[in-house]
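Me: Please justify the terms used for this model, one at a time, by setting each value against its criterion.

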Amino acid sequence: MPRIGLFFASSTGNTRRIAKAIKKRFDDDTMADALNVNKATPELVAGYSHLILGTSTLGGGQLPGLSTDCMGGGWEEFLPQLKDVDFSGKTVAIFGLGNQDKYPDEFVDAMGEIYHFVVARGAKVVGLWPADDYDFIASKALVDDEFVGLVLDQENQKLLSDARVEAWLKLIAPQFGLGV
Ligand SMILES: Cc1cc2nc3c(=O)[nH]c(=O)nc-3n(C[C@H](O)[C@H](O)[C@H](O)COP(=O)(O)O)c2cc1C
């Protein structure tokens, strides 16, 4: 079994594409294939010591899921299934997609929801990300003025995404044992 599990939810495929691009950089011993949470089980998640969790924000500040037209469901349905998973001893890194121009008051909120969920269950979250290069009003994904994970905006800052992913992987590399 690979060391790192990589799980995501996505509506139009943006988060899926980023998740797949991340996995592509690492071999199968290091990282599992990116898996949509609508095909995942709590047991699978519980089996990894290291987790990368990806999410978009939809419906005005919501987790992706059936109520925001994610086929087969998303974090909205899967997060409650993880309520009894013990995350203590697990290292978690989160990435979130959003649109700062259209949703400046709920920018990448879903990432904050996942963060608080795993932290409440003992996870150590790494890969916090500066909020300086984004233009928004409010976000539930901020803790002490930093984002709780990598933030990507494919609608307004797509050209920055590759470099952001690269820099973020370097940031989490020591805790995830990644050679990048
Ligand atoms: C109906 C709808 C609602 C959205 N609501 C938010 C939001 O509240 N906050 C945000 O940052 N982005 C919001 N977005 C932008 C998406 O998060 C963004 O387009 C993302 O790239 C979608 O990724 P996905 O295809 O993986 O779901 C919304 C997009 C749509 C279509």
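Reply: The turns below concern the ligand site and then a sheet of this predicted model.

Me: What makes the pair formed by G13 and the ligand a polar contact?

Reply: The criterion is a pair of N or O atoms within 3.5 Å. A backbone N or O atom of G13 lies 3.0 Å from an oxygen atom of the ligand, so the pair qualifies as a polar contact.

Me: Which distances apply to N14 and to T57?

Reply: For N14, a polar side-chain atom is 2.8 Å from a ligand oxygen atom. For T57, a polar backbone atom is 2.7 Å from an oxygen atom of the ligand. The protein covers 83% of the 650 Å² of accessible area that the ligand has on its own.

Me: Which residues surround the ligand, and how do they divide by class?

Reply: The ligand is surrounded by 20 residues, and the closest are S10, S11, T12, T15 and G61. The shell consists of five nonpolar, 13 polar and two charged residues. Gly counts as polar in this division, so G61 belongs to the polar class.

Me: Where does the ligand sit?

Reply: Its place is the largest pocket.

Me: Why are β7 and β8 called paired strands?

Reply: Pairing requires at least two bridges. β7 and β8 (residues 146-147) are joined in the antiparallel sense over two bridges, so the requirement is met. L142 stands opposite F147 in β8.

Me: What makes β6 and β7 edge strands?

Reply: The open sheet has three strands in the order β6-β8-β7, with antiparallel pairing. β6 (129-130) and β7 (142-143) each have a single partner strand, so one side of each is left without a neighbour in the sheet.

Notes
Residues are numbered from 1 along each chain as its sequence is written. This is a predicted model: local features need pLDDT of at least 70, side-chain atom pairs count only at pLDDT 80 or more; totals for chains, interfaces and linings use all residues. Side-chain values use heavy atoms; hydrogens and water are left out. A residue is near a molecule or strand if one of its heavy atoms lies within 4 Å of it. A polar contact is a pair of N or O atoms within 3.5 Å; within protein, one must be able to donate a hydrogen and the other to accept it, and residues adjacent in sequence count only if both atoms are side-chain atoms. Accessible areas come from the Shrake-Rupley method with a 1.4 Å probe; for residues, only the protein chains shown count as cover. On a 1 Å grid over the protein atoms alone, a cavity is a set of points where a 1.4 Å probe fits but cannot get out, and a pocket is an open set with protein on both sides within 12 Å along at least five of seven lines; lining residues have an atom within 4 Å of a point. A molecule sits in a cavity or pocket if more than half of its atoms lie within 2 Å of its grid points. Helices (H or I, at least four residues) and strands (E, at least two) are DSSP runs, numbered from the N terminus.
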